[in-house]
Amino acid sequence: MSSGRGRAPGKLILCGEHAVVYGHPAIALPLELATDIELARCEGPTRLLGAEPDARLAEALRRALPERGFALTVASDVPIGRGMGSSAALSVALVRAQADLEGASLPHGAVVARALELEAVFHGRPSGVDVEVSARGEPIRFWRGPPARIEPLPLPAGALVALDSGAGADTAEMVAGVAERRPAVDRALDAIGALVQVCTDVLGDPEALGPLLTENHRLLCEVGVSTSRLDELVALACGAGALGAKLSGSGGGGVVLALARDPEPILRAAAHVGVQAWCCVSEDS
Ligand code: PMV
């Protein structure tokens, strides 16, 4: 039995979500958390081993694979539905596993194009930032296309902690909500776009970057995508010494991302109130 393997990381959006849908830049970072896929040829109908596919995963598999002849094993430590890029990681890993099985070496552009088709099943019409950062595995500044424009960036200095709101985030629904609130929220979206430029210039300076992230959160509140739970987590992180914090991803649920010199007090404060938190990116990692 021949098989192919593919791996791709999850991501966090540092700043610029939602504005990126309207042509502004966003900064996205790959995570160490990743999705691994093994794809094997087998007899009978195509199936997912070891897990029940939800409706959208089943649809993505239907688009990606023939009806018969394949068995797919998915192992992932990227939290699902938390704005941490689980569907992009799945899409990129699946495209890579298919190419590996066929013995083909796909150029980056082809990986992204195929993965975007799959990600559209989960997200409607994504800007493409999640797939691009997952496929590259390095921090980027991203402008949606076509053609998309990408600039590799250094990792921000300091540590980034993700705090889980405990609620799922439906990206397609949140993006549609923002579209309905336009043009009333255009000023906030433009301000987020301008803020991303300033953030890019201070990635190496956590004391300067932190307050910009908190300002990005305030603007996302104006755009209407935060929740009281996400606002509480921003306050919790800042109260525990974060230099700044904001929701990351589509909002409505998902995670808050906090920037700190030292992640430990934030991880302790989160644990104290039963909030799951991960140190996702740090200079020492
Ligand atoms: O996949 P999420 O939840 O991280 O959201 C992606 C970021 C958005 O800007 C909200 C949507 C998009 O397609 O860029």
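Begin with the whole protein chain in view, bearing in mind that this is a predicted model: a compact globule of 285 residues would have a radius of gyration near 19 Å, and because the protein chain has 19 Å, the two agree. If you turn the C-alpha trace along its principal axes, it spans about 55 × 40 × 30 Å.

Next, colour the chain by secondary structure, which comes to 9 helices and 10 strands. Of the 285 residues, 54% count as buried, and when a surface is drawn, the chain exposes about 12100 Å², with carbon and sulfur atoms supplying 52% of that area. Among the contacts with a separation of 6 or more, 72% are accounted for by residues 24 or more positions apart.

Now select residues 3–15, which form strand E1. Is this strand largely enclosed or largely open? Because 10 of its 13 residues are buried, E1 is largely enclosed by the rest of the structure. Add residues 26–45, which form strand E2, and you will find that E1 and E2 pair in the antiparallel sense over 11 bridges. Within this pairing, pick out Pro 9, which stands opposite Ala 34 in E2. In a regular strand the side chains alternate between the two faces of the sheet.

Finally, turn to the side chains, starting with Arg 149 and Trp 143, where the charged end of Arg 149 sits over the ring of Trp 143, 3.8 Å from its centre. Then select Arg 182 together with Tyr 22, since here the charged end of Arg 182 sits over the ring of Tyr 22, 4.2 Å from its centre. How many aromatic pairs does a search of the whole structure find? The search finds 0.

Terms used. Residues numbered from 1 in each chain as written. Predicted model: local features only at pLDDT ≥ 70, side-chain atom pairs only at ≥ 80, totals over all residues. Heavy atoms only, no water. Phe/Tyr/Trp six-rings, centres within 6.5 Å; stacked < 30°, edge-to-face > 60°. Lys NZ or Arg CZ within 6 Å of the ring centre and 35° of its normal. Helix = DSSP H or I, 4+ residues; strand = E, 2+ residues; numbered from the N terminus. Rg over C-alpha atoms; globule rule 2.2 N^0.38 Å. Buried < 20%, exposed > 50% of the residue type's maximum accessible area, 1.4 Å probe, protein only. Contact = heavy atoms within 4.5 Å. Areas by Shrake-Rupley, 256 points an atom, 1.4 Å probe, with all protein chains shown as cover. Pairing = 2+ DSSP bridges.
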